[in-house]
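This report covers salt bridges, burial, a cavity and unusual backbone geometry. It starts with one residue and works outward.

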Amino acid sequence: MHVLILGGTTEARRLAELLHGTPGLRLTSSLAGRVTSPRLPPGEVRVGGFGGAEGLTAWLREHAVDALIDATHPFAGTISFHAARAAATAHVPLLALRRLGWVPVEGDRWHEAGSLREAAGLLPGLGRRIFLTTGRLGLEAFADLDDLWFLVRSVDAPEPPHPPRMEVLLDRGPFTLDGERGLLRRHRVDVVVTKDSGGAATAPKLTAAREAGVPVVVVRRPPVPEGVPEAVDPQEAARWLGEHLGRHLDQRVFRATD
């Protein structure tokens with residue numbers, strides 16, 4: 001049985017690790033190719049796009065895929081709609097593996113925004129030294145804010161257009177709370193900007209900001225296709241696969257995820 005994981009996230013890699021070596025299961029992980037040196041999951045790996053929903057449909061059919069897992073980043077919205085259309089057209093069961101979003105707690109000073117452009121519009125009224133943790137893409141939304149200073153953290157170096165007053169920090173999570181505390185102090189950060197990516201790997205910056213009384217601009221997630229079943233962690237996704245492909249696979253593997 002052939003399972004295709006649309007990946008690039010920690011959850012996708014962990015799911016591949018759970019499933020790798022399962023008797024009777026062929027596993028392929030697909031990465032978009034936006035990161036220069038991604039952490040590769042076990043099993044077969046392909047890199048690059050499919051050519052829209054039609055291209056993904058053709059790939060599912062050509063490679064006899066029996067189940068599709070959309071474990072892409074919460075802000076990679078377009079591929080989720082392509083996956084829904086392709087799965088429906090090719091009659092392949094689809095599951096969305098979506099990590100839970102962050103929820104503010106007492107002491108947080110959150111300001112929600114619907115887009116990076118909207119987030120940029122909030123910044124002049126909040127502070128002057130910005131810790132921008134939204135990745136290397138989309139920095140043009142902040143390129144006109146020449147009165148503000150930005151610390152931009154990303155895995156790969158950003159390309160222009162970007163803010164004129166900018167320092168780049170190349171790093172990859174998970175990050176520690178002590179590390180984030182020190183970073184805010186060292187760079188005198190007075191505003192944090194983040195996407196609601198969810199998960200634990202990058203959440204310490206929210207705790208550090210709360211402790212320091214620093215406001216956080218949180219960009220809301222884009223919409224996702226309706227009617228697609230969801231799992232919130234790799235174990236739940238593995239159990240879903242066990243239910244859909246169970247008659248073909250050794251169920252001891254999937255019961256081990258309980």
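R34 counts as exposed, with 53% relative accessibility. In this predicted model, R34 sits in the loop between β2 (26-31) and β3 (44-47). Beyond its neighbours within four places in sequence, R34 is in contact with R136, L137 and D156. The C-alpha atoms of R34 and G107 are separated by 35 Å. Along the chain, R34 and G107 are 73 residues apart.

**Salt bridges**

Side chains of opposite charge can pair when their charged atoms come close. How many salt bridges does a search of the whole structure find? The search finds eleven. Among them are the three pairs in this table.

| Pair | Closest N to O distance | Separation in sequence |
|---|---|---|
| E11 and R99 | 2.9 Å | 88 residues |
| E112 and R220 | 3.6 Å | 108 residues |
| R181 and E211 | 2.7 Å | 30 residues |

E11 forms a salt bridge with R99. This pair links distant parts of the chain: E11 is in helix α1 (residues 10-19), and R99 is in the loop between β5 (94-97) and β6 (110-113). Are E11 and R99 buried or exposed? Both are buried.

E112 and R220 meet through their side chains in a salt bridge. E112 lies in strand β6 and R220 in the loop between β11 (216-219) and β12 (230-231), so the pair ties together parts that are 108 residues apart in sequence. E112 is partly exposed, at a relative accessible area of 48%. R220 is also partly exposed, and its relative accessible area is 40%.

R181 forms a salt bridge with E211. R181 belongs to helix α5 (residues 177-186) and E211 to helix α6 (residues 204-212), so their pairing ties together parts 30 residues apart in sequence. R181 has a relative accessible area of 28% and is partly exposed. E211 is partly exposed as well, with a value of 48%.

Salt bridges also form a network that links D70, R98 and E230. D70 is placed in strand β4 (residues 67-70). Why does D70 count as buried? Its relative accessibility is 2%, and buried means under 20%. Leaving aside neighbours within four places in sequence, D70 is in contact with L6, S80, L94, L95, A96, L97 and R98. R98 thus appears both in the network with D70 and among the contacts of D70.

**Helix α5**

Which residues of α5 are buried? E180, G182, L183 and L184 are buried there. The cover over the buried residues of α5 includes the strands β7 (129-132), β8 (149-154), β9 (166-170) and β10 (191-195). Helix α6 is also part of that cover. The salt bridge from R181 to E211 runs between α5 and α6 too.

**The cavity**

Rolling a probe the size of a water molecule over the atoms shows where empty space is left. Here the count comes to one cavity of 30 Å³ or more. The largest cavity has a volume of about 40 Å³. What lines the largest cavity? The lining consists of T9, E11, A71, T72, P74, L97, R98 and R99. By type, these lining residues divide into three nonpolar, two polar and three charged. E11 and R99, both in the lining, are the partners of a buried salt bridge described above. R98, also in the lining, is linked with D70 and E230.

**Backbone geometry**

Most residues other than glycine have a negative phi, and most peptide bonds are trans. Some sites here depart from that pattern.

A64 is not a glycine, yet has a positive phi of about 50°. A64 lies in the loop between α2 (52-62) and β4. With a relative accessible area of 51%, A64 is exposed.

R188 also has a positive phi, of about 50°, and is not a glycine. R188 comes just after α5, in the loop between α5 and β10. R188 counts as exposed, at 53% relative accessibility.

Where are the cis peptide bonds? One joins P160 and P161, with omega at about 5°. P161 is in the loop between β8 and β9. Another runs from G173 to P174, with omega near 10°. P174 is in the loop between β9 and α5.

Conventions: Residues are numbered from 1 along each chain as its sequence is written. This is a predicted model: local features need pLDDT of at least 70, side-chain atom pairs count only at pLDDT 80 or more; totals for chains, interfaces and linings use all residues. Side-chain values use heavy atoms; hydrogens and water are left out. A salt bridge is a side-chain nitrogen of Lys or Arg within 4 Å of a carboxyl oxygen of Asp or Glu. Helices (H or I, at least four residues) and strands (E, at least two) are DSSP runs, numbered from the N terminus. Buried means under 20% relative accessible area, exposed over 50%, partly exposed in between (1.4 Å probe, protein chains only). Contact means heavy atoms within 4.5 Å. On a 1 Å grid over the protein atoms alone, a cavity is a set of points where a 1.4 Å probe fits but cannot get out, and a pocket is an open set with protein on both sides within 12 Å along at least five of seven lines; lining residues have an atom within 4 Å of a point. Grid points are joined across faces, edges and corners, and a volume is the space filled by probe spheres set on the points. Ala, Val, Leu, Ile, Met, Phe, Trp, Tyr, Cys and Pro count as nonpolar, Asp, Glu, Lys and Arg as charged, and the others, Gly among them, as polar.
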